[in-house]
Amino acid sequence: MKYEEVSRYEDKKFKRVVGVNRMTFKVMIDVLDREYRKKHMRGRSTKLSVEDMLLIAMEYWYEKRTYEQIAASYGLAASNVYRTIRWIEDVFMENGTFEQSPYSIKTHAQEPPMQQIPEMDRKQLAVF
């Protein structure tokens with residue numbers, strides 16, 4: 001699903017498909033566009049527009065699609081999809097305008113400490 005298609009939808013359908021209303025989506029695009037211009041001063045342009053990059057992240061967060069599924073839809077490598085989603089999460093976290101989505105992977109959270117498994121003696125292991 002490309003932004004060209006989604007942009008033609010009515011507001012209600014846009015929100016159902018994308019996961020946020022059109023105004024919120026535009027604010028997100030403004031934040032990402034500013035950061036994108038800082039990052040990509042020169043060099044090769046990307047295959048995707050900023051809008052399509054955000055749609056990739058929204059598909060990952062709200063539709064629970066895998067990197068491989070999204071990559072196949074957009075004609076990209078799964079690693080590019082991962083880097084795109086990671087970049088968007090990093091921009092939103094640094095910007096502070098948006099909280100991290102509850103649907104996304106907590107990339108910056110520390111892992112909880114491992115719980116120690118109690119030692120079992122041979123008698124207990126024999127039951128298994």
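Buried residues, meaning those under 20% relative accessible area (exposed is over 50%, partly exposed in between, with a 1.4 Å probe and protein chains only), make up 31% of the 128 residues in the protein. The model is a predicted one, in which local features need pLDDT of at least 70 and side-chain atom pairs count only at pLDDT 80 or more, while totals for chains, interfaces and linings use all residues. Residues are numbered from 1 along each chain as its sequence is written, and side-chain values use heavy atoms, with hydrogens and water left out.

The protein has seven helices and zero strands, which gives the pattern α-α-α-α-α-α-α along the sequence. Helices (H or I, at least four residues) and strands (E, at least two) are DSSP runs, numbered from the N terminus. About 9,500 Å² of the protein is exposed, and carbon and sulfur atoms supply 51% of that area; the areas come from the Shrake-Rupley method with a 1.4 Å probe, and for residues only the protein chains shown count as cover. Among contacts (heavy atoms within 4.5 Å) with a separation of 6 or more, 53% come from residues 24 or more positions apart.

How confident is the predictor? The average pLDDT, the predictor's confidence in each residue from 0 to 100, is 79, and 73% of the residues score at least 70. Among the elements, helix α5 has the highest mean pLDDT (92) and helix α7 (residues 122-127) the lowest (56). Over residues 102-112 the pLDDT stays under 50, and the model has 17 contacts beyond four places in sequence for this stretch.

Helix α5 (residues 67-74) is a good place to look more closely, with Ile 70, Ala 71 and Tyr 74 buried. These three lie on the same side of α5 because they cover an arc of only 100° around the axis, the arc being that of the directions from the helix axis to the C-beta atoms. Glu 68 and Ala 72 are exposed on the face turned away from the buried side. The cover over the buried residues of α5 includes α4 (50-63) and α6 (78-95). Just after α5 comes Gly 75, with a positive phi of about 70°.

The loop between α4 and α5 also deserves attention. Lys 64 lies in this loop and has a positive phi of about 60° although it is not a glycine; Lys 64 is exposed, at a relative accessible area of 55%. Arg 65 is found in the loop between α4 and α5 too, but counts as buried at 18% relative accessibility. The side chain of Arg 65 makes a polar contact with that of Ser 73 at 2.6 Å. A polar contact is a pair of N or O atoms within 3.5 Å; within protein, one must be able to donate a hydrogen and the other to accept it, and residues adjacent in sequence count only if both atoms are side-chain atoms.

Side chains of opposite charge can pair when their charged atoms come close. Five salt bridges are found in the whole structure, each a side-chain nitrogen of Lys or Arg within 4 Å of a carboxyl oxygen of Asp or Glu. One of them joins Arg 65 to Glu 59 (2.4 Å, N to O), and Glu 59 is buried at 2% relative accessibility. Another joins Asp 11 and Arg 22 (2.8 Å, N to O), linking helix α2 (residues 11-18) to helix α3 (residues 22-39).
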